[in-house]
Amino acid sequence: MSKKKESKKRSSKNLKITTRIVMTSVLGIVLPLIIISTFSTVFVNTIASYFNFASVTTNSYSTVNQLQWSQTLSTITDELTGDDSENKKLEKIRDFVEPLEQVNSLIYIEKNGVPFYSTQDGSKITELANNLVKIEDGKNLNYFGDGGLVIVNHAEKGDAKYRIVIVNEDYTVNNSDKKINAQSFTKVLLSRTGLIVLIIVLLFVISIGVISVITSQTIVKPVKKIARGAEEIAKGNLDYEIDYDSTNELGQTVDSFNNMRLRLKKSLQTQQEAQEAKQAVVAGIAHDLRTPLTSVKGYAEGLRDGIANTPEKQRQYVDIICESINNTEKILDDLLTISKLELGGLELETAPVNARELFDDAAADIKRSLETVDFDFTYACHCGADTVICVDTDRFARVISNIISNSVKYARPDIKGSIYMALNEYERSVILEISDNGIGVDKQNLTKIFDVMYRTDPARTKVSDGSGLGLSVCRQIVELHGGTIWATGRKGNGLSIFISLPKRVTENEENSDN
């Protein structure tokens, strides 16, 4: 897939309407959460300094003081478990605990049981902590009392195990009720967060407004294009194409409109072509009927007026009249057959027949009829003796007769006519080939010879040259049998017509297939 197609496929313009609506609804929920989460992340990283939790500022117990000690211990632990070198860790811890030591806090840190940092002698700090509250090995401790403060915490980084002990004897718990402490803490939070909450609300309102405007514009704009296109199509302007390229519902609607326009345009063109073809068929049939009728009328008037004044001449006139009537009857018969075929009123009376026997008999009849017009005839059968096909023998005999008649009519005047018929058997079908050495057909017109009223040579106006209905009748009868018919050949080199018919499948063959 090209980059252009990938870009088009991923374009936001291709988002479905339902997706846009869902996204708007989801963003209405998610956006505030994202903003709040972002704020919370920043808040967590800056809460210590913003709310003055970064360092201990008093030795008197309060909710804020407890948070200060919690943040202080967290900072020390993060530094100890960080990736800095030991010297760098010691340097940072000294800078950090210096304000704690100024409020009489003692800090002792040991690593794997060995002193790592200590305000003074580590054992004395540990002893002092035990005097205030009993310290148990491996357990964390947070003690805030009138006698002082003791915090014990543990941290690990790989093989390094740290123990942190903080002691402050100059720590008091004031006689103030908890409610006052909570109110004080709430006041601090509200005074500092009011502006942030206001900013979050404003961002939320602006974001939803922008999303709504963008979403509505991406829907309204193509809808207006669709309305304009529908108006143009209603006016009959079938060349107007709606310009909106997307894969969402609106894009699909636009595609449907454009496809409908093209189908409507094609339908009208097809109707016009069909009307023109119908007019051509009517004109052709009228001409073909007029020709023999004119002949009948002329020779009948000749008999009436005594122009044929000898028995021999009278017999000649009568023969011509009979021939013209036969031609007229054949045209009407072909026309009636085509009408029944197109209206579905022609039903075949098919029956299983032996293919070899059927075409052997047909070949014998063809040979006798061709001898009367001085045509050579050759027949070859490459079909098994037990091959069976289901055909309406009368209708199929007409197919063969029409093809043979067509070959005779379009023989080359300077060469003796010759017709070759062969029957070949395949796995699931038999194919009949009838070839002649007549005038042939241009390659581009081979598929047209089976159309109604088509003549290979428009200059041929005699009914004896063909009404243009015979091969059309052949095609429709063959297709009713479930077969196919096609032609090959070149102009001046004869014509070959092939008919493929399905073989009758026996129970044994069906079982072998299964």
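These are my notebook entries on a few helices, a surface patch and the aromatic pairs of a predicted model.

**Entry 1, helix α4.** I began with helix α4, residues 86–102, and asked whether its length fits its residue count; at 1.5 Å a residue its 17 residues should span 24 Å, and since the end C-alpha atoms are 24 Å apart, the two figures agree. I then followed the axis along the helix and noted a bend of about 35° at Phe 96, with a proline, Pro 99, following within four residues. Looking up the cover of its side chains, I listed Lys 89, Leu 90, Ile 93, Val 97 and Leu 100 as the buried residues of α4. Just after the helix, I found that Asn 104 takes a positive phi of about 70°.

**Entry 2, a surface patch.** I next looked at the nonpolar surface and recorded a patch of about 370 Å², made by Leu 198, Leu 202, Ile 206 and Val 210. Val 210 belongs to helix α6, which runs over residues 178–234. I classed Val 210 as partly exposed because its relative accessible area is 44%, which falls between the cut-offs of 20% for buried and 50% for exposed.

**Entry 3, aromatic pairs.** Searching the whole structure, I obtained 5 aromatic pairs. One of them joins Phe 116 and Tyr 162, whose ring centres are 5.9 Å apart and whose planes stand at 80°, so I entered the pair as edge-to-face. Phe 116 sits in strand β2 (residues 114–118) and Tyr 162 in strand β5 (residues 160–168), so this contact ties together parts that are 46 residues apart in sequence. Both partners are covered: Phe 116 is buried with a relative accessible area of 12%, and Tyr 162 is buried with 4%.

I then took up the rings of Phe 359 and Phe 396, which have their centres 6.0 Å apart and their planes at 80°, so this pair is also edge-to-face. Here the partners come from helices, Phe 359 from α9 (residues 355–371) and Phe 396 from α10 (residues 393–409), so the pair ties together parts that are 37 residues apart in sequence. I checked the cover of these two rings as well, and noted that Phe 359 and Phe 396 are both buried.

**Entry 4, helix α11.** Last, I asked how many residues of helix α11, residues 470–480, are buried. The count came to 8 of its 11 residues, so I noted the helix as mostly covered. The buried residues are Gly 470, Leu 471, Ser 472, Val 473, Cys 474, Gln 476, Ile 477 and Val 478. Just after α11, I recorded a positive phi of about 80° at Gly 482.

Conventions
Residues are numbered from 1 along each chain as its sequence is written. Side-chain values use heavy atoms; hydrogens and water are left out. Helices (H or I, at least four residues) and strands (E, at least two) are DSSP runs, numbered from the N terminus. The expected span of a helix is 1.5 Å times one less than its number of residues. The bend at a residue is the angle between axes fitted to the seven residues ending there and the seven starting there. Buried means under 20% relative accessible area, exposed over 50%, partly exposed in between (1.4 Å probe, protein chains only). Patches are made of residues with over 30% relative accessible area and no salt bridge: like charges are joined within 9 Å, nonpolar side chains (Val, Leu, Ile, Met, Phe, Trp, Tyr) within 5 Å. Accessible areas come from the Shrake-Rupley method with a 1.4 Å probe; for residues, only the protein chains shown count as cover. A salt bridge is a side-chain nitrogen of Lys or Arg within 4 Å of a carboxyl oxygen of Asp or Glu. Rings of Phe, Tyr and Trp (its six-membered ring) pair if their centres lie within 6.5 Å; planes under 30 degrees apart count as stacked, over 60 as edge-to-face and the rest as tilted.
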